[in-house]
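Me: I'd like to learn how to read a structure feature by feature. Can you walk me through this one?

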Amino acid sequence: MRRWIAGFGLAVAATCVPACGTEDPVPDVVVEISNVQFSPMDVTVEHGGTVEWRFDDGGLLHHVESPGLFDSGITGDGTFRHTFESVGVYEYSCSVHPYMIGVITVL
């Protein structure tokens, strides 16, 4: 009886991993942050699409934000993702370097 229960638990766990949403969504678009700029600056995703920002500027601090929509916090490395649930055009910037501006168009 114990083996059956253990086997059943493993089967349920194996089924749940991809279906339960425990992993981050795969990005549809990647924006690199390097040389004190967003690259590309303007991107387009479909409704429900995910954008990933990759902080790769030698440890220089950046802050990706669109007030009221998303906020990466100030960081110098790693990644930040946001999934867009509403159609529209969204401007974002780096509060540390206000001249860094980007646009996400969601279709």
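Me: Let's begin with the sheet that holds S1. What is the order of its four strands?
Reply: In general, strands of a sheet pair through backbone hydrogen bonds, either parallel or antiparallel. Keep in mind that this is a predicted model. Here the four strands run in the order S2-S1-S4-S7, the sheet is open, and the pairing is mixed.

Me: Which strands stand at the edges?
Reply: Look for strands with a single partner. In this sheet those are S2 (37-39) and S7, so one side of each has no neighbour in the sheet. As for the twist, neighbouring strands are turned by 20° against each other on average, with direction ignored.

Me: In which sense do S1 and S4 pair, and over how many bridges?
Reply: S1 covers residues 29-34, and its pairing with S4 is parallel over five bridges. To get your bearings there, find Ile33, which stands opposite Phe55 in S4.

Me: Now the other sheet. What is its strand order?
Reply: Read it the same way. It is an open sheet of five strands, ordered S3-S9-S8-S5-S6, and the pairing is mixed. The edges are S3 (42-45) and S6; each has a single partner strand, so one side of each is left without a neighbour in the sheet. Neighbouring strands are turned by 20° on average here, again ignoring direction.

Me: How many bridges join S3 to S9, and which way do the two run?
Reply: There are four bridges, and the two strands run parallel; S9 spans residues 101-106. A handy landmark is Val43, which stands opposite Ile104 in S9.

Me: On to charges. How many salt bridges does a search of the whole structure find?
Reply: For these, you check whether a side-chain nitrogen of Lys or Arg comes within 4 Å of a carboxyl oxygen of Asp or Glu. The search finds three. Take Glu32 with Arg54: the closest N and O atoms are 3.8 Å apart. That pair links distant parts of the chain, with Glu32 in strand S1 and Arg54 in strand S4, 22 residues apart.

Me: What else does Arg54 form a salt bridge with?
Reply: Glu52, where the closest N and O atoms are 2.6 Å apart. Glu52 also has a salt bridge with Arg81, at 2.5 Å between the closest N and O atoms. That second partner brings in strand S7, since Arg81 sits there while Glu52 is in strand S4, 29 residues away. Put together, Glu32, Glu52, Arg54 and Arg81 are linked in a network of salt bridges.

Me: Is Glu52 buried or exposed?
Reply: Go by relative accessibility. Glu52 is at 3%, so it counts as buried. Its partners read otherwise: Arg54 is partly exposed at 34%, and Arg81 is partly exposed at 31%. Glu32, at 28%, counts as partly exposed too.

Me: What about the rings? How many aromatic pairs does the count come to?
Reply: You look at two things for each pair, the distance between ring centres and the angle between planes. The count comes to eight aromatic pairs. One of them is Trp53 with Tyr92, which is edge-to-face, at 5.3 Å centre to centre and 75° between the planes. Trp53 lies in strand S4 (residues 50-55) and Tyr92 in strand S8 (residues 88-94), so the pair ties together parts 39 residues apart in sequence. Trp53 and Tyr92 are both buried.

Me: Why is the pair of Phe70 and Phe84 edge-to-face?
Reply: Because the planes stand at 85°, with the ring centres 5.8 Å apart, and planes over 60 degrees apart count as edge-to-face. Phe70 lies in strand S6 and Phe84 in the loop between strand S7 (78-83) and S8, so this pair ties together parts 14 residues apart in sequence. Phe70 counts as buried at 6% relative accessibility, and Phe84 counts as buried at 1%.

Me: Which residues form the aromatic cluster?
Reply: Phe38, Trp53, Phe70, Phe80, Phe84, Tyr90 and Tyr92 form one cluster.

Me: Last one, the outside. Which residues make the nonpolar surface patch?
Reply: Leu61, Ile74 and Val96, with an area of about 260 Å². Ile74 lies in strand S6 (residues 70-75), and at 54% relative accessibility Ile74 counts as exposed.

Conventions:
Residues numbered from 1 in each chain as written. Predicted model: local features only at pLDDT ≥ 70, side-chain atom pairs only at ≥ 80, totals over all residues. Heavy atoms only, no water. Patch = residues over 30% accessible without salt bridge, like charges linked within 9 Å, V, L, I, M, F, W, Y side chains within 5 Å. Areas by Shrake-Rupley, 256 points an atom, 1.4 Å probe, with all protein chains shown as cover. Buried < 20%, exposed > 50% of the residue type's maximum accessible area, 1.4 Å probe, protein only. Phe/Tyr/Trp six-rings, centres within 6.5 Å; stacked < 30°, edge-to-face > 60°. Pairing = 2+ DSSP bridges. Axes fitted to C-alpha atoms, helices over the stretch in contact; angles between N-to-C directions.
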